There are 2 protein chains.
Amino acid sequence: MEKKLRMTHQREIILDELRRCRSHPTADELYERIKKKLPRISLATVYRNLEILSEVGLITKLEISGRQKRFDWDVQDHDHVYCTECHRVDNIPTATTTCLPVDPDQQKGYQITGCRIEFYGLCPNCQKPRKVQKFKGDKDMACKSCTTGLSDTQRQVLEAFAKSEEACGSKDIAAATGMESKKVSCQITALKKKGFVSSPVRCKYEITDEGKSQLSC
Amino acid sequence: MEKKLRMTHQREIILDELRRCRSHPTADELYERIKKKLPRISLATVYRNLEILSEVGLITKLEISGRQKRFDWDVQDHDHVYCTECHRVDNIPTATTTCLPVDPDQQKGYQITGCRIEFYGLCPNCQKPRKVQKFKGDKDMACKSCTTGLSDTQRQVLEAFAKSEEACGSKDIAAATGMESKKVSCQITALKKKGFVSSPVRCKYEITDEGKSQLSC
DNA sequence: CCTTGACATGCGAATGATTATCAAATACAT
DNA sequence: ATGTATTTGATAATCATTCGCATGTCAAGG
Ligand SMILES: [Mn+2]
Ligand SMILES: [Mn+2]
Ligand SMILES: [Zn+2]
Ligand SMILES: [Zn+2]
C-alpha cells in the first residue's frame, strides 16, 4: 500500500540542483536557486519534495541543533561541523567509526536506533578579526564600551540622534538609518553606557553634549 | 560593566521548578507547571529567564535536533537520548569521554569549540506494541486506513466531534480532549480519509453520518 | 520618605520556519 | 486516449520563540 512516486519536472530539478551543490543548503536557499530554472515553483513544493526525497533515501535531511534544516545530496553516513557565527555547515571526517561512543544497544531501557554527532566552532572565515559580527547581546557590547572609540554602527546611530530635534525612540532611529530596530536598541544601550545619549523620558533618547563632541572627532 | 541579575520571585520559581524536575522540560511545559504557582506569569518571562539562567550557567539549554528546546537543571556535561516517537529526552551515560571521536582541533579549517552527541531511538514506553502512536505522515495513515477499526486516539477525537454542535477546528478538539493539537490534526486527516469527518469550511471539520455510525459499534 | 534608574515583567504583536489546505494541473497505468 | 491518484501553486495556518513597549519593582541616595 506504499504510494508510488511520480518523477515530476520540479522533483527532478530539485534533486538535480541539490546534487550540484557542494554545500548543505537550506530549503530556502535551494528555492532561490531553483526559481531561476522554474520561476513558478512554490516554496511548499521544495519543502515537500525535500521531505519526500529524504524519506525514500535519495538525499539526507540534516537536523542541526535548533536551527533551519539543511539538505545533503550525500546519503553516506558522515558527520558535520557548523559555524556558530555564520551557520555554515561542512562535512567533517571523524577519526574512525569504531571509536563512536555507542554503548550497548539497551541503555536506560531505550532501544537506540542511531546517534548524531555535531561539531561546532568557527569556520575559517569567522576566525578572522571580527568584521560583520553577529550580535552576541550585552557581553559583546560591554567589550566594545571598553574601547574609547565608536564603532561604525554606533556612529551612525549617534548621527541620527544628532539630526533629531527632539528625543526619539529606537524605532525612529531604525527608520532614519534603515537599520534593524533590534540592532539599534542594542546600540542605544551601548551609547547610553558611554554617556553619549541619555533618556529624558522612558524609551526616548537624545544625544548628550558628550555625544556631540564625540561626533566631531 | 556586566549587568547584574536580580533574583526576582518569578526567576526563583522558574529555577526551582526546573530543579525539581527529573525530566528535561520544554519552556512551555515548565510554563504550565509554573502557572499553578504564579498564575499571572507570562510565557515570555519563562523564555527570557531560561535563556538568562542558561547564559550565566545555572542551567543548561538543550538544543535537540530540530525541535523544541529543552532545559536541564544539571549543568554537568552529559549526553542525551531522545525518543523519536514521543520526544521524551533522557540522560545517557556514554562509555568514556576518552572515546570521543574528537579529531585534532583544526579540521577543515574550523576552530572547533565543542561537540554534541545525541542518541535517539525508542523509549521503553514506545517500544511496546503501538498504542498512542505519533504521526509518521501519510505512510502510517495509509496503513491505518487499511485496518477496519479506529485507534483509541481516533475514537477519542471522533467522540469529541460528535459532542460538538458545530464544525470546529483541531485546536478546539485539542482543548476538549487535552491532546496536543498537532496530534489532533493528524488524526483528523486520518479520519477524513476514512470519511468519518468532513470539512464544510477550510480548517473546520464535523462528524459525518458514517463517523456517527462508526462510533456506535 | 521620596526620587531615580536599572532591571524585570506582562501583554500582545511580530517573526521565521515549516506544514496544511484545496482547487486545479499532471503523470502514468491501463 | 482516459481515469484517477498524485502533485502542484498559492495561501493560510501553525508553532516555537522573540520583540516592543508600557508598567512594575527595588536598591541606593538624597
Ligand atoms: Mn554532508
Ligand atoms: Mn540531562
Ligand atoms: Zn562562519
Ligand atoms: Zn517514547
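**Exercise 1.** List which residues B:Glu118 touches, leaving out those up to four places away in sequence.

Solution. Step 1: apply the contact criterion, heavy atoms within 4.5 Å. Step 2: read off the partners in chain A, which are A:Gly114, A:Cys115, A:Arg116 and A:Glu118. Step 3: add those in chain B, namely B:Glu63, B:Ile64, B:Ser65, B:His80 and B:Tyr82. Step 4: place the residue; B:Glu118 is found in strand E6 (residues 110-122) of chain B. Strands (E, at least two residues) and helices (H or I, at least four) are DSSP runs, numbered from the N terminus. Step 5: B:Glu118 has 3% relative accessibility and counts as buried. Buried means under 20% relative accessible area, exposed over 50%, and partly exposed in between (1.4 Å probe, protein chains only).

The model is predicted: local features need pLDDT of at least 70 and side-chain atom pairs count only at pLDDT 80 or more, while totals for chains, interfaces and linings use all residues. Residues are numbered from 1 along each chain as its sequence is written, chains are lettered from A and ligands numbered from 1 in the order in which they are written, and side-chain values use heavy atoms, with hydrogens and water left out.

**Exercise 2.** Find which residues coordinate the manganese ion (ligand 2), and state where B:His24 and B:His78 lie.

Solution. Step 1: donors are N, O and S atoms within 2.8 Å of the metal (3.2 Å for Na, K and Ca); water is not among the atoms, so sites may look incomplete. Step 2: the ligand 2 ion is held by B:His24 (NE2), B:Asp72 (OD), B:His78 (NE2), B:His80 (NE2) and B:Asn91 (OD1), at 2.0 to 2.3 Å. Step 3: B:His24 lies in the loop between helix H1 (9-19) and helix H2 (27-35) of chain B, and B:His78 in the loop between strand E2 (70-72) and strand E3 (79-83), so the pair ties together parts that are 54 residues apart in sequence. Step 4: B:His24 is buried, at 3% relative accessible area.

**Exercise 3.** For the manganese ion (ligand 1), give the spacing of the donor residues in sequence.

Solution. Step 1: the donors are A:His24 (NE2), A:Asp72 (OD), A:His78 (NE2), A:His80 (NE2) and A:Asn91 (OD1), at 2.0 to 2.3 Å. Step 2: their spacing is H-x47-D-x5-H-x1-H-x10-N. Step 3: A:Asp72 is buried at 2% relative accessibility, whereas A:His78 is partly exposed at 22%.

**Exercise 4.** How many disulfides does the structure hold over all chains?

Solution. Step 1: a disulfide is a pair of cysteine sulfur atoms within 2.5 Å. Step 2: the count over all chains is zero.
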